[in-house]
Amino acid sequence: MAEDEQHRIINSIREYLKLEQEVYGPFQVPEPAPAPQKEEAMAVSDENIWAESSESVQDAAEPLSANSLDELRAICEKSDELRTDLAGTNLVFGTGNPGADIMFIGEAPGAQEDKQGEPFVGRAGQLLNKILAAIHFNREDVYIANILKHRPPNNRDPLPEERLRSLPYLYRQIDLIDPRWIVCLGRVSAQTLLETTEPMKTLRGRFHPFRNNFELMVTFHPAALLRNPAWKRDTWEDMKMLRRSYDELTGNRDSQSGVSDAR
Ligand code: URA
């Protein structure tokens with residue numbers, strides 16, 4: 001490979017890591033793990049995250065016993081199941097309007113979120129606030145949570161087993177809030193909730209039925225937009241689709257709250 005090309009690649013990796021650190025906080029790049037044996041790889045691959053486990057997700061009794069968000073939060077505070085292998089993290093339960101019509105679900109807390117105990121408060125969160133403002137909502141109108149309620153080490157993707165352990169708590173949280181729309185922010189959230197390995201490009205742009213009661217849609221994660229501003233256009237289309245659906249179903253005819261193409 002030509003030296004220029006090597007420099008270009010190294011510089012873009014540096015830029016990428018700098019942005020990841022700004023968004024998610026400091027992390028170390030771990031040594032590569034030895035390649036797993038075939039069977040081991042199957043045990044943790046996205047493909048079979050659901051194979052054996054949907055029943056235990058439905059049956060988990062403890063979160064189901066919560067009759068309010070406060071009760072659920074108290075259960076989550078005590079739950080070791082929700083922890084990742086990063087010691088000493090804070091619970092990041094969720095924030096916003098407990099009776100919201102729209103619930104946004106991200107991936108997992110980063111450093112800022114862990115420190116403040118609130119989802120999406122770092123750079124990605126600031127962009128999420130702007131996205132909400134573009135369709136005339138603010139954080140207090142909607143509810144915001146994550147698939148995981150604790151920060152993973154080194155800001156790695158949540159592991160399949162961490163996602164499965166968290167889901168009964170998240171499902172209960174969704175049922176207690178009872179939103180009409182769920183917006184998955186990014187691939188991890190979308191693939192986890194839709195129980196699929198389909199890529200973003202086929203998941204975006206439509207509503208998916210979800211657990212009978214909810215309209216679920218998928219859009220890009222704000223951190224991905226910081227890395228890839230070209231995806232903002234598609235995100236804007238997604239947000240207009242959400243706002244139109246909201247206005248149609250709530251009978252909102254106030255033109256101030258609608259969105260047009262002129263931004
Ligand atoms: N990214 C997420 O997915 N969630 C947060 O809360 C912050 C960053």
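This report walks through a predicted model, from its ligand site to its sheet and a few residues of interest.

## The ligand and its shell

Let us begin with the ligand. It has 9 residues around it, and E107, A108, F120, N146 and H221 come nearest. By character, the shell divides into 4 nonpolar residues, 3 polar ones and 2 charged ones.

Several contacts involve oxygen atoms of the ligand. A backbone N or O atom of E107 lies 2.8 Å from a ligand oxygen. With F120, a polar backbone atom is again involved, and the distance to an oxygen atom of the ligand is 2.9 Å. H221 takes part through its side chain, where an N or O atom is 2.7 Å from an oxygen atom of the ligand. How much of the ligand does the protein bury? Taken alone, the ligand exposes 230 Å², and the protein buries 100% of that.

## N146, between strand and ligand

N146 deserves a paragraph of its own, since this residue is among those that come nearest to the ligand. Its place is in strand β3. Is N146 buried or exposed? N146 counts as buried because its relative accessibility is 1%, and the cut-off for that class is under 20%.

The side chain of N146 also reaches the backbone nitrogen of E107, at 3.1 Å. E107 is thus a useful residue to display here: a backbone N or O atom of E107 lies 2.8 Å from an oxygen atom of the ligand, while its backbone nitrogen is reached by the N146 side chain.

## The sheet

Now to the strands. In what order do the 6 strands of the sheet run? The order is β1-β3-β2-β4-β6-β5, in an open sheet with mixed pairing. At the edges are β1 (95-96) and β5 (208-210), each of which pairs on one side only.

Strand β6 (residues 214-219) is a good place to see the mixed pairing. With β5, β6 pairs in the antiparallel sense over 3 bridges. With strand β4 (residues 181-185), β6 runs parallel, and 5 bridges join the two. Individual bridge partners can be picked out too: F210 is matched with F214 of β6, and W181 is matched with E215 of β6. Why is β6 largely enclosed by the rest of the structure? The reason is that 5 of its 6 residues are buried.

The hairpin of β5 and β6 has 3 residues between the strands, and R211 there takes a positive phi near 45 degrees.

## Two asparagines in a loop

The loop between β3 (143-146) and α8 (160-177) holds N155, and N154 lies in that loop as well. The backbone is worth a look at both positions. Phi of N154 is near 55 degrees, a positive value in a residue other than glycine. Phi of N155 is likewise positive and near 55 degrees.

What are the accessibilities of these residues? N154 counts as partly exposed because its relative accessibility is 31%, which falls between the 20% and 50% limits. N155 is buried, because its relative accessible area of 12% is under 20%. The N155 side chain also has a partner: a polar contact of 2.9 Å joins it to the side chain of R151.

## Cysteines and a distant pair

How many disulfides does a search of the whole structure find? The search finds 0. Two cysteines can still be placed by their accessibility. C76 is buried, with a relative accessible area of 0%, and C184 also counts as buried, at 0% relative accessibility.

To finish, turn to helix α11 (residues 222-227), where L225 lies. L225 is buried, since its relative accessible area of 2% is under 20%. Along the chain, L225 and A124 are 101 residues apart, yet their C-alpha atoms are separated by 8.5 Å.

Definitions and conventions
Residues numbered from 1 in each chain as written. Predicted model: local features only at pLDDT ≥ 70, side-chain atom pairs only at ≥ 80, totals over all residues. Heavy atoms only, no water. Near = heavy atom within 4 Å. Polar contact = N/O pair within 3.5 Å; in protein donor to acceptor, adjacent residues only side chain to side chain. Areas by Shrake-Rupley, 256 points an atom, 1.4 Å probe, with all protein chains shown as cover. Nonpolar A, V, L, I, M, F, W, Y, C, P; charged D, E, K, R; others polar. Helix = DSSP H or I, 4+ residues; strand = E, 2+ residues; numbered from the N terminus. Buried < 20%, exposed > 50% of the residue type's maximum accessible area, 1.4 Å probe, protein only. Disulfide = S-S within 2.5 Å. Pairing = 2+ DSSP bridges.
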